[in-house]
Amino acid sequence: MLKLQKNCFGFLLHKTEQQRQCEEEEHKCHYVALESLLVKHPLKNTWTMWYYKVKSSNVWMECHTEIASFNTVEDFWAVYHHLNLPSEIERGSGYSMFRKGIKPMWEDSHNWNGGRWLFTIQESNDCQKLDDIWMEMLILLIGEAFGDNNEQVCGCVVSVWRKFDKIGIWTADASKKENILEIGKICKIALKESYNESVNWMYRSHSAQRKYGVQFSTLYTL
């Protein structure tokens, strides 16, 4: 009888140890799974999102508010979903997203010799088109979709006006025609479903616009 009890007791101890080991393994699996969920996916560069609203002040940067900087996919979406869509903001305002360290203004040294691909959405009430194109542009930028020309791309801007809306892709050097044209073609192909109108894309030089006005600033078209 004592021998049987000892055997039974020994079996119970062994079973408890197995249970403990199983629980430890289960906890480890849960920890690894949770840890994998917490790992963020880094972007190649850090980007900064800005909001601007036209004011009476003549100082352009005083119209801007820096929202947040981010360098992971998850943080980008956190910022994006925190903001109102372009179609939901006031007329005379807009958003911009630039590489960190570059301000959304011509006078910034990174933009001074550059320009922008600019296209217009004439139907100011076509909210879905505006929002879709803006999101697509942001994804192109953070995804570094321009290959060897990625470093040429400084940022993008969406401007919401009373009768039309504009989106522009800003680049660093307006004199590099082949690079600029390639960037424009990539954007145009990416937007063919959202923006399939047969209109010309215009690339405008910042320096020419500063000197001669908008009518003389177009360098390239697509």
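**Exercise 1. Find which residues of helix H4 are buried, and work out what they pack against.**

Start with the burial list: Ile180, Leu181, Ile183, Gly184, Ile186 and Cys187 of H4 are buried. Keep in mind that we're working on a predicted model. Next, look at the contacts: those buried residues pack against strands E4, E5, E6, E7 and E8, and also against helix H3.

**Exercise 2. Check the span of H4 against the value expected for its residues.**

Take 1.5 Å a residue: the 14 residues of H4 should then span 20 Å, where the count used is one less than the number of residues. Now take the end C-alpha atoms of H4, which are 20 Å apart, so the two values agree.

**Exercise 3. Lay out the sheet and name its edge strands.**

Write down the order, which is E2-E1-E3-E5-E6-E4-E7-E8: an open sheet of 8 strands with antiparallel pairing. Then go to the edges: E2 (64-72) and E8 each have a single partner strand, so one side of each has no neighbour in the sheet. From one strand to the next, the twist averages 20 degrees.

Zoom in on one pairing: E4 and E6 run antiparallel and are joined by 7 bridges. Here Leu118 stands opposite Gly168 in E6.

**Exercise 4. Say which strands helices H2 and H3 lie across.**

Take H2 (residues 73-82) to begin with: H2 lies across E1, E2 and E3, and runs at about 150 degrees to E2. H3 lies across E1, E2, E3, E4, E5 and E6, running at about 170 degrees to E5.

**Exercise 5. Classify two of the aromatic pairs as stacked, tilted or edge-to-face.**

The structure holds 9 aromatic pairs. Try Phe70 and Phe76: the ring centres are 5.6 Å apart and the planes sit at 55 degrees, so this pair is tilted. Phe70 is buried at 2% relative accessibility, and Phe76 is buried at 0%.

Now try Phe119 and Trp201: with centres 4.5 Å apart and planes at 20 degrees, under the 30 degree cut-off, the pair is stacked. This pair links distant parts of the chain, since Phe119 is in strand E4 and Trp201 is in the loop between H4 and E7, 82 residues apart. Both count as buried: Phe119 at 1% relative accessibility, and Trp201 at 1%.

**Exercise 6. Pick out a ring cluster and a charge sitting over a ring.**

Follow the ring pairs and you get a cluster of Phe70, Phe76, Trp77 and Tyr80. For the charge, go to Arg210: its charged end sits over the ring of Trp112, 3.5 Å from the ring centre.

Definitions and conventions. Residues numbered from 1 in each chain as written. Predicted model: local features only at pLDDT ≥ 70, side-chain atom pairs only at ≥ 80, totals over all residues. Heavy atoms only, no water. Phe/Tyr/Trp six-rings, centres within 6.5 Å; stacked < 30°, edge-to-face > 60°. Buried < 20%, exposed > 50% of the residue type's maximum accessible area, 1.4 Å probe, protein only. Helix = DSSP H or I, 4+ residues; strand = E, 2+ residues; numbered from the N terminus. Lys NZ or Arg CZ within 6 Å of the ring centre and 35° of its normal. Contact = heavy atoms within 4.5 Å. Pairing = 2+ DSSP bridges. Axes fitted to C-alpha atoms, helices over the stretch in contact; angles between N-to-C directions.
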